[in-house]
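Work through these short exercises with the structure in view. Try each task before you read its solution.

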Amino acid sequence: MNLLEVDGVHVVHKIRGRGLLGHQHVYALTDAHLVVNPGETIGVVGESGCGKSTLAKVIVGLQRPTAGTVRFRGEPLDGGSGREVGMVFQDPSTALNRRLAVAKIIRDPLDVHKVGTPAERDDRVRELMSLVGLPTSVADAVPGQLSGGQRQRVAIARALALRPALLVADEPTSALDVSVRAQILNLLLDLREQLELAMVFVSHDIQTVSKMSDRIVTMYLGRIVEEAPVGAEARHPYTRALFSATPSLLHPVEPIVLTGPVPSATNPPSGCPFRTRCPKATAECAAELPPLAAAEGGHTYRCIHPEIPTEVSA
Ligand SMILES: Nc1ncnc2c1ncn2[C@@H]1O[C@H](COP(=O)(O)OP(=O)(O)OP(=O)(O)O)[C@@H](O)[C@H]1O
Ligand code: SF4
Ligand SMILES: [Mg+2]
């Protein structure tokens with residue numbers, strides 16, 4: 001059975017409009033479908049505002065879908081199954097209660113869910129600290145006394161306290177100094193291996209996502225526009241544009257420059273959401289949402305003029 005299934009999920013925020021306009025709607029997530037299997041890592045990429053954090057929050061149960069369902073091991077995600085999904089946020093300095101000591105922060109989920117005896121909780125906190133590479137000497141420190149990297153280790157320990165099967169990491173290194181980013185990524189890779197975790201890994205950086213993930217989900221204006229196994233050549237022009245912005249030696253791509261602003265999520269374009277910036281757009285692209293097309297290996301995309309890889313002749 002799959003671990004997590006996101007099925008037709010929409011998230012629409014109502015915001016107050018300007019001037020004479022009444023309410024406006026922000027289409028943060030539109031008709032998202034996603035399956036996460038045990039032990040698998042899904043990478044989520046896309047520009048700012050495309051709905052990555054909304055999807056992450058839906059998966060951990062922090063954002064209630066406006067429509068659609070999220071199931072964990074086949075059951076609707078609720079308070080019970082929520083324990084099996086842990087989350088690490090982008091900025092550890094705002095995600096942690098700054099007045100609490102490290103040991104208390106990590107212990108909090110154990111207290112809330114009344115896991116074991118108080119002595120067993122103390123043991124578990126020590127175990128978690130060692131798991132994420134925090135010295136026992138910081139147990140009584142408050143977050144402000146730690147480095148950014150140490151704070152993110154605290155956040156990871158807390159996310160793992162209830163032994164989740166799935167860890168959702170939303171830009172877990174983007175608030176950190178470049179020098180500690182690799183350490184935190186390596187820690188997540190080690191933990192994934194050791195604890196046989198499934199992961200949903202959100203990042204702007206498509207190269208990091210490629211290194212961490214089994215499959216890559218590309219989002220644009222609230223929609224999943226492509227889902228591809230790592231190593232498969234992207235077929236959607238937007239995914240190719242993201243890849244071409246940080247070229248790799250293995251898969252060289254002609255640079256595709258994205259021009260113009262991302263359209264507003266309150267008023268997404270008709271048809272293909274990418275058509276206002278797509279170098280391959282034709283009049284047809286405005287007519288309707290491109291149907292979901294499939295390639296081998298569970299690779300799916302929504303584009304009517306996809307890039308089809310050509311066979312390299314010897
Ligand atoms: N509570 C809210 N009320 C209104 N609009 C919201 C709310 N939360 C998110 N949005 C909007 O929903 C859209 C998706 O936001 P989201 O935070 O999921 O994007 P993101 O891909 O995580 O962006 P970033 O890369 O900047 O973190 C954006 O247009 C955002 O402004
Ligand atoms: S459907 Fe058209 S506009 Fe959309 S990505 Fe494909 S070519 Fe571009
Ligand atoms: Mg975000």
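**Exercise 1.** Which residues does L3 touch, not counting residues up to four places away in sequence? Then decide: is L3 buried or exposed?

*Solution.* The model is predicted. Step one: locate L3, which lies in the segment before β1 (4-16). Step two: list its contacts. L3 touches V36, N37 and P38, then R71, F72 and R73, and also A165, L166 and A198. Step three: check the accessibility. Buried means under 20% relative accessible area. L3 has 1% relative accessibility, so L3 counts as buried.

**Exercise 2.** How far apart in space are L3 and T117, C-alpha to C-alpha?

*Solution.* Along the sequence, 114 residues separate the two. In space, L3 and T117 are 29 Å apart, C-alpha to C-alpha.

**Exercise 3.** How many residues has the largest nonpolar core, and which helix gives the most to it?

*Solution.* Step one: count. The largest nonpolar core has 50 residues. Among those with the most contacts inside it are I106, L134, V154 and F201. Step two: find the helix. Helix α6 (residues 148-160) gives the most to this core, with 6 residues. Step three: look for another core. One of 32 residues lies apart from it, and A32, I42, V44 and L166 are among its members.

**Exercise 4.** What residue classes make up the shell around ligand 2?

*Solution.* Step one: find the site. The space taken by ligand 2 is the largest cavity. Step two: of the 13 residues around ligand 2, C272, C278, C285, C303 and I304 come nearest. Step three: sort by class. The shell has 9 nonpolar, 2 polar and 2 charged residues.

Definitions and conventions. Residues are numbered from 1 along each chain as its sequence is written. Chains are lettered from A and ligands numbered from 1 in the order in which they are written. This is a predicted model: local features need pLDDT of at least 70, side-chain atom pairs count only at pLDDT 80 or more; totals for chains, interfaces and linings use all residues. Side-chain values use heavy atoms; hydrogens and water are left out. A residue is near a molecule or strand if one of its heavy atoms lies within 4 Å of it. On a 1 Å grid over the protein atoms alone, a cavity is a set of points where a 1.4 Å probe fits but cannot get out, and a pocket is an open set with protein on both sides within 12 Å along at least five of seven lines; lining residues have an atom within 4 Å of a point. A molecule sits in a cavity or pocket if more than half of its atoms lie within 2 Å of its grid points. Ala, Val, Leu, Ile, Met, Phe, Trp, Tyr, Cys and Pro count as nonpolar, Asp, Glu, Lys and Arg as charged, and the others, Gly among them, as polar. A nonpolar core is a set of buried Ala, Val, Leu, Ile, Met, Phe, Trp, Tyr and Cys residues joined through side-chain atoms within 4.5 Å. Buried means under 20% relative accessible area, exposed over 50%, partly exposed in between (1.4 Å probe, protein chains only). Helices (H or I, at least four residues) and strands (E, at least two) are DSSP runs, numbered from the N terminus. Contact means heavy atoms within 4.5 Å.
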